[in-house]
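Colleague: Before I rely on this model, I would like to go through the terms used for it and see how each value earns its label.

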Amino acid sequence: MDPLQNVRLNATRRHFLGECFVGLGGIALGGLLGGQPMHAESADTAADPLAPKAPHFPAKAKRVVYLFMSGAPSQFETWLWRPKLREMDGQPTPDSFLDGKRFAFMERFTEQRPTLLGPQRDFQRHGKSGTWVSEVFPHMARVVDDLAVVHSLRAENFNHAPAKLFFNTGSTRYGRPSMGSWITYGLGSEASDLPAFVVLRSGEQNLMGGANIWGSGFLPTAYQGVEFLRTTDPIPNLSTPPGFSRSQQRARVDAVRELNRARLAAVGDPEIATRIAAYELAYRMQASAPELMDLAAESQSTLDLYGAVPGKASFANNCLVARRLLERGTRFVQLYHTGWDHHGNRVNNLAGKLDEVALAVDRACAALVTDLRQRGLLDDTLVIWGGEFGRTPMGEIQELPGRNHHIENFPMWFAGAGIKGGQTIGEVDDLGFFVTKDPVDVHDVQATILHLLGLDHTKLTYRHQGRDFRLTDVGGRVMKRLLA
Amino acid sequence: MAGLGAAHAAPGPPFSAESIRFFETRIRPTLHSQCSQCHNDRLRTSGLSVASRDSLLEGGTRGAAISLDRPGKSLLLAALRHTGSLKMPAGGKLSAPVIGAFERWIELGAPWPEDAGSGGRADDAVHWAFQPVARPTPPLSGAEWARNAIDRFVLARLRDSGLGPSPPASRETLARRLHLDLTGLLPSAEEVRAFVADRRPGAYERMVDRLLASPHYGERWGRHWLDLARYADSNGYNADAERKVWMYRDWVIDALNRDQPFDRFVIEQLAGDLLPGATPQQIVATGFHRNTLLNLEGGVDFEQYRVEAVTDRVDVTGIVFLGLSLGCARCHDHKFDPITQREFYRFFAFFNSIDELSGEYSDAEGRARAFEPVLEFGTPEQYVRKNALNAQIEAMEAEQRAYQKELLGRQDEWEAGLSPEEVSRLPPGLQAILRTPSAERLERRKGILRNAFLAQDPGVQERRKAIAAVRKLLPAIPSTLVMRELAEARPTHILVQGDFLRKSERVAPGTPAVLPPLEASEPTRLHLARWLVDNRNPLTPRVTVNRIWQRYFGAGIVATSNDFGTQGEPPSHPALLDWLAAAFVEAGWSLKDLHRLIVTSATYRQASSHREDLAARDPANRLLGRQARLRVESEIVRDLALSASGLLAPKIGGPSVFPAQPPGGDDSEAVAREQGIRPIPARPLHPLLADEPAPRADALRQPGRADGLHPPQPLDHPAAGADAAQRQRLSRIRPRTRRAPAVGDERCGDLRAVVESLLDLPGTGTHRRRTEYPAKPCRGAA
């Protein structure tokens, strides 16, 4: 938005509130503090950057849950069945596929050219759609008719951290806002006592890229993602300390509010009202966050559906927390699960480690789709599954079977709001090297997510350093075939 | 390019600066973003180019795009309005206000800057920021209110708008404001009392001098500088591993505290290593441009990230000193400012020959010297010890190699002798290799097996252990990242679309033509540094005084403090900006003098109270009819909580202490160390520091989240005095002094003292009006 426009909006709001507060004093303020979301009556980003804003056009999706498989899952053991690759297992890689291409770990390539590695798992067709699914995903296979599986993703960068930055911010460079931040900037928050953009992590390994992938970049920091830790105290220092009762906390917040109100009455500066509202939100969050994280409130059948165990840190628990967040008005929930970087060493391989990580996510991913459908939420909730790039059809020559980084094709799936499920999109050559039909770039994914939320990716811009920036930079086409 | 444009530019009517500005802000960006991808001089889709006024008047195959005789009938408008068969842009109809702007623009006669050639340039010669710094005389009126020249400029502008200034803030407020602005710490109750009671002339000035002399001044303003320097104690990217560059941070704090003239401050940071007879401290200063990211993820191409780092140096130099977005010209000529892509790479060449991690190193070599160049600060004894131990390690390794060589002769024997049970206990990968006949094994797998064989041998294990033990004895020699030139300069090429693999024409170091020339036959980084602070360079002093101004008033005289280019905001007080810039340079670039000048002005000392007339006429407070109400940054909130509760560790400098990251254990010192010490990881961040942007020079810091996540931190962070166990641990660091009361704390002291220490108000409550309470609530109140 034009910064001057911001000021003008603010001026309008100052007039409005100034009169209200000075004229009506405690009455208006009382209404403000009555537990109602402050956003309801004001649509002004200057005073309240999180006030809900109308989309550019009617939205198909009201909320998004993005299951990010961190480390880059191998397409050949998950969604892309390449029988020809199995036939050619162990054969030298045709030169035509390698010449002029750059890969991660190039030095190892020149030491010894790797051979093709056949799929390490079996596939079967599932559902009415007959979509091929690997045996590592028996649960996702059961909901496959809800999923639109895209095989033809292409990434820009073959290193994890930059690729994750690109997926989330549209650029491999630091300092751009993340997708969730853009969405929150574009639409504001519908959650009265929880953040609009929440991140949950699971998995044993380090999440490469770290918190920058949900940062707000040059957007105001109010739009950055909030990470909920895997405990009953998801936001550090949020819960009242031991020995400190809720009523004592109320008294403390009240005391601060009284002082702020006195000042507000004296000077009528709307900034103070914003501050009071922020404290109230914090107070409400102190109650709502622990309630949110308390999975014991869920029925045993729901816990079983996800494989969730109250009190345990797991991807399954995070999926269930994600559903609870979405129900409570959070618009964008991103789950990161690490452990997909299957190179072929003891820590990361397509032997036992693939099964471990698949087991950790499969049931819960499927459960989330099923649960959202049962609760009538799938119609306006977009569910996304995918990693930051794919893996090579060649094996990596290490101790155990594994594959190198590959950016020329990799899969994602989409389900729910506005998505035509039960289809596959994009084609890849027989050996799984390159996209042969319907290529999809990362900016296209971003444009499509924004589109489903009612946002035109070319119009969602923010002026910074004299230029209007956007999530999709100068690219992005909405993936029309994906849409119902 | 400009010459080409001028060659076929018909003499147009002279346009007012205002109409040119209208074009630059409302029309050119749309032409650029919506039209020029197809309709440029090169492609001329349908014969049309929007690159110049002439080309629009000339039009394409459908005729003239704009008609000055009948503006409303212009083909361009019909296409934009979608009224005829031609509907543009192809991406969809533009909004009504944008179309309206085009209507107005054509009615105005399609103003276009005269010198703007086909490249679509702003009028280089006209743009205010590229003009020499003027030395305006302050307006004469306003003597009754003005305390110095600043006030005369400000008052004149206010009066022009029919407004007046605000009364001075209370003395309590001024004490608090000055302490927060100059040191980032609260004044003690005694300090406030003493100042309030000091009715002698010059009491305020004495407080200013005392604070400018405080070592915490360097910390406070050092933090601002380190934000610009994108200082971080970690590498960024994947694991965001720690790096050691804290000596540079300490250097900044020290340079500010001793008021090193700003021109020297700049020269040493950019090129201290190239100064004749450079001292170690001058080399430490060059850590400025080593605050670039370092990607050590497995499988990276080092050259790719070296080029990113050099690009970052150009970006940051442009933003921090010149207020120009040079980075926009990385892939193509700058769309708005007079910077060509070629000029970008000529600037790039200044930073391109650092002896750092690059594609010239293999993966293993590169990782071994990942942080080079560094400057070490070991004692002679440490080096003697290091050399001795290294020699010992080398000897041990030679012996180990000989042992292993002999041992490997027995590998086949070992393999043959493995029982099926022994094999089954091996990791599955090794089992698979063993099952393959040795002749068919791939080289890399043979290596894996060889390593496994060696690793199981007790003799090898013993040797490895012994070597590791000696390695542990190597002295930890403090070091810091610095700049160092390669013996032979690395050639610099224009990179096509910024892609490090697509080298085009070779270029020599040089500066943009729009700025005063750099006069040197073979310019180096040192020449560049001197050029930045040369008296003829109008940008560096303007940009610098503007940034400092911004810290005191919430917005700069130029609101877009990082962009003084044609897309930036024009200055609210152009004469004041130039007067300050000139005064700054004349006073020998003394930052402390500049601070003193600003904070002793009547403008700075005004009350910040809301005023209806100002809110109505000047809602953004650009005219400064009152002081701004600023929120302090999150790390200052933290320091205030620590200092108010007496828990702040007063130490300045030294290695950074990483604050405990939840949910891990808490480190008491980490919690209590203060602003100058807190490490800044390239990753965000301790949750208390919720408003911290990514460490980038252009990152926007907006203190005080309004979304509810900021308040709970000060409310409930251990340092705020709520958690008894935590507090006891912290209190061991500094177990005395003014501590905040907490419920259930039997050690609660005198409540009055607490109120005084937190709010800078006498705690008796009898002679203070209640409404005065947070006299400056946002600077102090959490």
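Modeller: In chain B, 45% of the 782 residues count as buried, where buried is the label for a residue with 20 or more other C-beta atoms within 10 Å of its own, exposed is for 12 or fewer, partly exposed is for what falls in between, and the C-beta atoms are placed from the backbone. In chain A, which has 484 residues, the buried ones make up 59%. This is a predicted model, in which local features need pLDDT of at least 70 and side-chain atom pairs count only at pLDDT 80 or more, while totals for chains, interfaces and linings use all residues. Residues are numbered from 1 along each chain as its sequence is written, and chains are lettered from A and ligands numbered from 1 in the order in which they are written.

Colleague: What pLDDT does chain A average, and where does pLDDT stay under 50?

Modeller: Chain A averages a pLDDT of 84, and 87% of the residues score at least 70, on a scale from 0 to 100 that gives the predictor's confidence in each residue. Over residues 1–46 of chain A pLDDT stays under 50, and for that stretch the model has 59 contacts beyond four places in sequence, a contact being two residues whose C-beta atoms, placed from the backbone, lie within 7 Å.

Colleague: How many helices and strands are there in each chain?

Modeller: Chain A has 14 helices and 17 strands, whereas chain B has 34 helices and four strands; both kinds of element are DSSP runs numbered from the N terminus, helices being H or I over at least four residues and strands E over at least two. Among contacts between residues at least 6 apart in sequence, 75% join residues at least 24 apart in chain A, and the figure is 65% in chain B.

Colleague: Why is α17(B) called roughly antiparallel to α22(B)?

Modeller: The axes of α17 (residues 380–408) and α22 (residues 458–472) of chain B come within 10 Å and cross at roughly 170°. That makes α17(B) roughly antiparallel to α22(B), because angles over 145 degrees carry that label, while those under 35 count as roughly parallel, 65 to 115 as roughly perpendicular and the rest as oblique. The axes are lines fitted to C-alpha atoms, for helices over the stretch in contact, and the angles run from 0 to 180 degrees between N-to-C directions.

Colleague: Which residues meet there, and what are their classes?

Modeller: Residues of α17(B) including L389(B), I393(B), M396(B) and Y403(B) meet residues of α22(B) including V460(B), R463(B), I467(B) and V470(B). By class, this contact has eight nonpolar, four polar and three charged residues, with Ala, Val, Leu, Ile, Met, Phe, Trp, Tyr, Cys and Pro counted as nonpolar, Asp, Glu, Lys and Arg as charged, and the others, Gly among them, as polar.

Colleague: What makes L407(B) partly exposed, and which residues does L407(B) touch?

Modeller: L407(B) is found in helix α17 of chain B, and the label follows because 15 other C-beta atoms lie within 10 Å. Leaving out residues up to four places away in sequence, L407(B) touches L454(B) and D457(B).

Colleague: How do you know that V533(B) is buried?

Modeller: V533(B) counts as buried because it has 21 C-beta neighbours inside 10 Å. V533(B) lies in the loop between α23 (525–532) and α24 (539–553) of chain B, and, neighbours within four places in sequence aside, is in contact with D263(B), V266(B), I267(B) and T540(B).

Colleague: Why do H82(B) and N621(B) get their labels, buried or partly exposed?

Modeller: H82(B) is partly exposed because 14 other C-beta atoms lie within 10 Å, whereas N621(B), with 20, is buried. Phi of H82(B) is near 65°, a positive value in a residue other than glycine, and phi of N621(B) is near 55°, likewise positive in a residue other than glycine.

Colleague: What is the largest nonpolar core?

Modeller: The largest nonpolar core has 253 residues, and A148(A), C319(A), A322(A) and L368(A) have the most contacts inside it; such a core is a set of buried Ala, Val, Leu, Ile, Met, Phe, Trp, Tyr and Cys residues joined through C-beta atoms within 7 Å. Helix α10 (residues 270–293) of chain A gives the most to this core, with 13 residues.
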